[in-house]
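Visitor: I'd like to learn how to read a structure like this one. Could you walk me through it?

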Amino acid sequence: MSEYKSGSNLEKVLKAGHFAFTGECGPPQGANVEHLVEKAGHLKGYVDAVNVTDNQTAVVRMSSWAASLILLEQGLEPNFQMVCRDRNRLAIQSDILGVYSHGIRNMLCLSGDHQKFGNHPDAKNVFDIDSMQLIHTVKTMRDEGTFLNGQKIDVPPKLFIGAASNPFAEPFDFRVYRLAKKIAAGADFIQTQCIYNMDRFREFMKRAVDMGLHEKCYILAGVTPMKSVGMARYMAKQVPGMDVPDTLIKRLRSAGKGKIAAEGIQFAVEQIEEFKEMEGIAGVHLMAIEWEHRVPEIAEMAGVLPRPKV
Amino acid sequence: MIVAEPKPIKEILEMVRDLKKILIVGCKGCVTVCNVGGSKEVAILASTLRIAAKKNGKEIEIGEETLERQCDPEYIEEIKDIINDYDAVISIACGVGPQFLSERYPATRVFPGVNTRFMGGAIEHGIWSERCAGCGTCVVHYFGGLCPIARCSKSLLNGPCGGSNNGKCEISGDVDCIWDIIVRKMMEQGRLDELLEFKPPKSWMTARDGGPRTMTREELVK
Amino acid sequence: MTDNTPQIVAFCCSNCASAAANVAEGMKMTMPGNVKIIQVPCTGRIEVLHLLKPFEEGADGVYVAGCQEDSCQYVTGITKAAKRVAHVKKILEELEIEPDRIEVFNLSAGKGQEFVEMAHEMTGKIKGLGPVLP
Ligand code: SF4
Ligand code: SF4
């Protein structure tokens, strides 16, 4: 047991040297447990862990810890996401204890999208600590067994610590250093922003590998299949820090009516194939937004099945 | 300086709807510099209220005063002989003004005539920009002399976040990403290693989060 | 407004508007008597308060007559005046008074006829709006 930091399935899969495959599930905008269970059900057996988003894009949803518990009940391993926008260090630490007590073993630490574009733009934000400090907080609680104030924790939470990295946001030259900083702060694994610009990502990974970052941390490449040309255009223009090359938009468009989604999936599968071979990449994080039912087929096509039992 | 902007006239008219004798009090400090609460603006607001009264067929009497400062009791004192002639006061100083007036003249109703926005400066004539959030423990020297607490939308101390886009913040194309500026500046100066240092959680005790703030400097107290 | 004759105050730049007024006089064109002309050395010096005061005193309309934007004697005088007029329009709007009651006109020194015409135009427009007071 002590050979693992948390003993989560994701950690075991990665540590055993398997190519990890994680999925994602957004909690409902309501208490629709049935719908959540149905969506998550599509992922069961096809992924090593499921990210459960935390008021993603600053839109109010069922809390990520509650949805994570529901997934756990369903026999899926959640990767509990937490943003710094909505809670201060008191709430953060108590939620960490809470989720751990209920059996959650993975946690992804994020700053969180600003509330300005969410559905409660009048809200006051918190940002007591930032994502870097959140990573460090979880690590301190786990490895030092203390709270941020230095006080001892009676049974510290043992979580596998995740962090995000956006290789495409500006300033580009600094991004790999920020990744290094997150790893130094305590990240055990990284899930990147959705990748579309493969050239730029290859360059980013080359730098990361040159710095030896892949040896200190597991890097999972982010993939989101495009469902339509509209989605691609929206991502290109409206989503901050997203890099969607025109060539991809063209490729989708030329697939022709009725075949665009299939082309989007095809591109995602090609990406996954490349990531399997890419130096420094330990797995893929597949964010099939409201497309959970397509995950099995993508996993099948990408040849990442069956998932290892460790 | 403290930067403020005029309140909508409608809001002010609504506040003083039933009042006949109003004293408008300006301030020669920050709000004069940012063209919102000096003697000129006192006269403009007075004239505007008179036009409104005229239009509505109402009798109104408006006094105009501009104090040296509204954040010093000695200047607040200067209107003690006239204030009782009025039903109410509209202060067009920053938020400190109406409060100092309310505290000194408890019997008088005091209305704010401006919206106090932030601590900042004029980046050009007519355009102001925030610079400081008054956190109480200044750390700008770690960030190339720039403040991420006031100027990063998420107050990140280990930025930039993943939303930084072409030098702009994820919240708007009109808002600079201060972290983009910090990073470029530090890299240009060859100070990347300083940025790679983990900045631990900040103590907000000295900020507003520590409760309302007062400050005593014994050597100055009489 | 007395006998349906609106009271109008015109702030005129002495470099062009007033010269134009002289030309108009020389041409025996008559300015309407209800327009009170205030000569200013440069329209750039007309403050928001100056533009509000006539309304406070009971005027029904106000206009500024200055140089062409590209040939202002003091370069940006008329541009500044135009911005202030726009600001006063906003104030009037907030007071639920027609913003059309204040205007800015550009002309050049020789245009005496235009100068008189704008006075008539403004008078006509304000007449249409009626008095400020109910
Ligand atoms: S660090 Fe604190 S005191 Fe310094 S500029 Fe920023 S908010 Fe103001
Ligand atoms: S984009 Fe820049 S300024 Fe905006 S929240 Fe992110 S780091 Fe801060």
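Guide: Sure. Let's begin with a term: a cavity is a set of grid points where a 1.4 Å probe fits but cannot get out, worked out over the protein atoms alone. Keep in mind that this is a predicted model.

Visitor: Okay, so which ligand takes up the space of the largest cavity?

Guide: That's ligand 2: the space it takes is the largest cavity.

Visitor: And which residues surround ligand 2?

Guide: For a shell, we list residues with a heavy atom within 4 Å of the molecule. Around ligand 2, the cysteines are B:Cys152, B:Cys161, B:Cys169 and B:Cys177. The shell also includes B:Ser153, B:Lys154, B:Leu156, B:Pro160, B:Ser164, B:Glu170, B:Ile178 and B:Trp179. By class, that gives 8 nonpolar, 2 polar and 2 charged residues. Watch the bookkeeping here, as Cys counts as nonpolar.

Visitor: What about the shell of ligand 1, how does it divide by class?

Guide: Ligand 1 has 8 nonpolar, 1 polar and 1 charged residues around it. Among them are B:Cys132, B:Cys135, B:Cys138 and B:Cys147, along with B:Arg131 and B:Gly134.

Visitor: Let's move on to interfaces. How many residues make the contact between chain B and chain A?

Guide: Contact means heavy atoms within 4.5 Å. Chain B brings 30 residues and chain A brings 29. About 2,500 Å² is buried between the two chains, and carbon and sulfur atoms give 59% of that. On the chain B side, B:Lys154, B:Ile171 and B:Phe198 supply 22% of the area buried against chain A, more than any other three residues. You've met B:Lys154 already, in the shell of ligand 2.

Visitor: Which side chains form the salt bridge there?

Guide: The rule finds 1 salt bridge across the B and A interface. A:Glu170 and B:Arg184 meet at 3.5 Å, N to O. There are also 18 residue pairs in polar contact.

Visitor: And how many salt bridges are there between chain B and chain C?

Guide: The count is 3. One of the salt bridges between these chains joins B:Arg50 and C:Glu56, at 3.0 Å, N to O. The rule also finds 6 residue pairs in polar contact across this interface.

Visitor: Which three residues of chain B supply 43% of the area it buries against chain C?

Guide: Those are B:Ile51, B:Lys54 and B:Lys55. The area buried between chain B and chain C is about 1,500 Å², with 65% from carbon and sulfur atoms. The contact itself involves 14 residues of chain B and 17 residues of chain C.

How values were computed
Residues are numbered from 1 along each chain as its sequence is written. Chains are lettered from A and ligands numbered from 1 in the order in which they are written. This is a predicted model: local features need pLDDT of at least 70, side-chain atom pairs count only at pLDDT 80 or more; totals for chains, interfaces and linings use all residues. Side-chain values use heavy atoms; hydrogens and water are left out. On a 1 Å grid over the protein atoms alone, a cavity is a set of points where a 1.4 Å probe fits but cannot get out, and a pocket is an open set with protein on both sides within 12 Å along at least five of seven lines; lining residues have an atom within 4 Å of a point. A molecule sits in a cavity or pocket if more than half of its atoms lie within 2 Å of its grid points. Buried area is the accessible area (1.4 Å probe) that two parts lose on being put together, summed over both. A salt bridge is a side-chain nitrogen of Lys or Arg within 4 Å of a carboxyl oxygen of Asp or Glu. A polar contact is a pair of N or O atoms within 3.5 Å; within protein, one must be able to donate a hydrogen and the other to accept it, and residues adjacent in sequence count only if both atoms are side-chain atoms.
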